[in-house]
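The exercises below are meant to be worked through with the coordinates open, and each one is followed by a solution that proceeds step by step.

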Amino acid sequence: MTLTPLLTDDAPAPFILHPATCDAPFIFVCDHAGKRIPERLGDLGLSAADRTRHIAWDIGIAGVARRLHAALGAPLIEQVYSRLVIDCNRAPGHDSSIPSHSDQTIISGNQNLSDDERRQREREIFRPYHNCIAQQLATIDPQKCAMISLHSFTPFWQGQERAWDAGVLFHKDAVSAEIMHQVLVESGRWVVGKNEPYRMTATSDYTIPYHAETRGMPYLEIEIRQDLIADEAGQENWAAILTQLLPIYWRRWTACAPMHRAYA
Ligand SMILES: [Zn+2]
């Protein structure tokens with residue numbers, strides 16, 4: 001059976017590429033920037049409130065990412081559709097790739113999908129986004145550029161308030177994470193987690209392991225608590241912080257001896 005395309009001709013493309021405006025040593029990626037749902041999927045069975053809360057997207061992060069792109073001139077690729085349609089930071093087939101529930105909310109539009117329906121979301125939304133990232137990476141030297149993956153996290157999870165203002169996540173590139181953690185802590189104002197509030201593994205995430213780690217490329221995965229960037233003032237503030245601190249991270253990383261910064 002051939003499925004009707006998910007994205008109609010007038011639907012927004014699944015990603016937005018903000019091209020580089022100068023030769024900055026970064027590439028920004030934002031897997032959970034958007035909260036759109038393709039018209040053909042209706043509301044996925046969710047209330048308007050659920051479609052705008054943290055389960056649908058990373059609140060505030062697009063506003064930070066766009067300002068970083070404007071300030072530093074590095075390319076930015078953002079996903080436009082909600083992670084409830086398909087999570088672009090999970091390998092296709094992963095349990096939470098097309099989640100059946102999230103933070104105790106049942107996603108009724110994701111129940112009992114056929115393999116064809118799953119593959120369609122992958123083909124129309126997941127792949128074009130990752131192909132765009134791969135095309136950008138094809139034009140750079142992976143040792144002269146760091147991938148900066150930007151996310152935000154909910155302050156409350158399973159009834160507990162989270163202690164961190166921000167977190168730096170890593171799997172193989174412990175050196176970059178260590179440097180950026182130090183840079184953030186030295187700035188003196190925040191509680192910063194290292195592999196908190198999430199631990200990155202080869203399978204918990206997709207974008208960094210798939211694009212950066214396979215290339216031996218330095219990277220940072222930065223998480224910011226959502227209440228700090230929920231409004232424009234907060235987004236402005238965190239964009240200014242990272243505009244100042246990312247070049248410091250990069251200078252320290254490039255100053256490390258190659259044998260110390262390489263990872264397997
Ligand atoms: Zn995220």
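**Exercise 1. A backbone outlier**

In which loop does leucine 44 lie? Locate the residue, then describe its backbone and its exposure.

Solution. The model is a predicted one, and the place of leucine 44 in it is the loop between E2 and H1. The next step is the backbone: leucine 44 has a positive phi of about 60° although it is not a glycine. The last step is exposure, and with a relative accessible area of 2% leucine 44 is buried.

Glutamine 104 can be treated in the same manner. Its phi is near 70°, a positive value in a residue other than glycine, and glutamine 104 is found in the loop between strand E4 (101–102) and strand E5 (105–106). Its relative accessibility is 75%, so glutamine 104 counts as exposed.

**Exercise 2. The zinc site**

Identify the residues that coordinate the zinc ion, and work out what the site connects along the chain.

Solution. Begin with the donors: His32 and His151 each coordinate the zinc ion through ND1, and Asp58 does so through OD, at 2.0 to 2.1 Å. Read along the chain, these donors follow the spacing H-x25-D-x92-H. Histidine 32 lies in the loop between strand E2 (26–30) and helix H1 (48–52), while aspartate 58 lies in the loop between H1 and helix H2 (61–72), so this pair ties together parts that are 26 residues apart in sequence. Turning to exposure, histidine 32 is buried at a relative accessible area of 4%, and aspartate 58 is buried as well, at 1% relative accessibility.

**Exercise 3. The cysteines**

How many disulfides does a search of the whole structure find? Explain the result for cysteine 88, and then turn to cysteine 145.

Solution. The search finds zero disulfides. A disulfide requires two cysteine sulfur atoms within 2.5 Å. For cysteine 88, the closest cysteine sulfur is that of cysteine 30, and because it is 11 Å away, it is too far for a bond. Cysteine 88 is itself buried, with a relative accessible area of 0%. Cysteine 145 is likewise in no disulfide, the nearest cysteine sulfur being that of cysteine 22, 11 Å away. Cysteine 145 is buried too, with a relative accessible area of 4%.

**Exercise 4. Two polar side chains**

Which side chains make polar contacts with the side chain of glutamate 78? Place the residue first, and then treat histidine 69 in a similar way.

Solution. Glutamate 78 belongs to strand E3 (residues 76–79) and counts as buried at 2% relative accessibility. One polar contact, of 2.8 Å, joins its side chain to that of histidine 18, and another, of 2.6 Å, joins it to the side chain of arginine 66. Beyond residues up to four places away in sequence, glutamate 78 touches a set of residues that includes Phe15, Cys30, Ala62 and Tyr129.

Histidine 69 sits in helix H2 and is buried, with a relative accessible area of 12%. Its side chain reaches the backbone oxygen of alanine 74 at 2.7 Å. When neighbours within four places in sequence are left aside, the contacts of histidine 69 include His18, Phe28 and Pro75.

**Exercise 5. The chain as a whole**

Compare the radius of gyration of the chain with that of a compact globule, and then set out its secondary structure, extent, burial and contacts.

Solution. A compact globule of 264 residues would have a radius of gyration near 18 Å, and the chain, at 18 Å, agrees with this. The chain has seven helices and 11 strands, and its C-alpha trace spans about 55 × 40 × 30 Å along the principal axes. As for burial, 52% of the 264 residues are buried. Among contacts with a separation of 6 or more, 83% are between residues 24 or more positions apart. The accessible surface comes to about 12,000 Å², and carbon and sulfur atoms account for 51% of it.

**Exercise 6. A cis peptide bond**

What is the conformation of the peptide bond from glutamate 196 to proline 197?

Solution. This bond is cis, with omega near 5°. Proline 197 is found in the loop between strand E10 (192–194) and helix H5 (207–212).

Terms used:
Residues are numbered from 1 along each chain as its sequence is written. This is a predicted model: local features need pLDDT of at least 70, side-chain atom pairs count only at pLDDT 80 or more; totals for chains, interfaces and linings use all residues. Side-chain values use heavy atoms; hydrogens and water are left out. Donors are N, O and S atoms within 2.8 Å of the metal (3.2 Å for Na, K and Ca); water is not among the atoms, so sites may look incomplete. Helices (H or I, at least four residues) and strands (E, at least two) are DSSP runs, numbered from the N terminus. Buried means under 20% relative accessible area, exposed over 50%, partly exposed in between (1.4 Å probe, protein chains only). The radius of gyration is taken over C-alpha atoms; the globule rule is 2.2 Å times the number of residues to the power 0.38. Contact means heavy atoms within 4.5 Å. Accessible areas come from the Shrake-Rupley method with a 1.4 Å probe; for residues, only the protein chains shown count as cover. A polar contact is a pair of N or O atoms within 3.5 Å; within protein, one must be able to donate a hydrogen and the other to accept it, and residues adjacent in sequence count only if both atoms are side-chain atoms.
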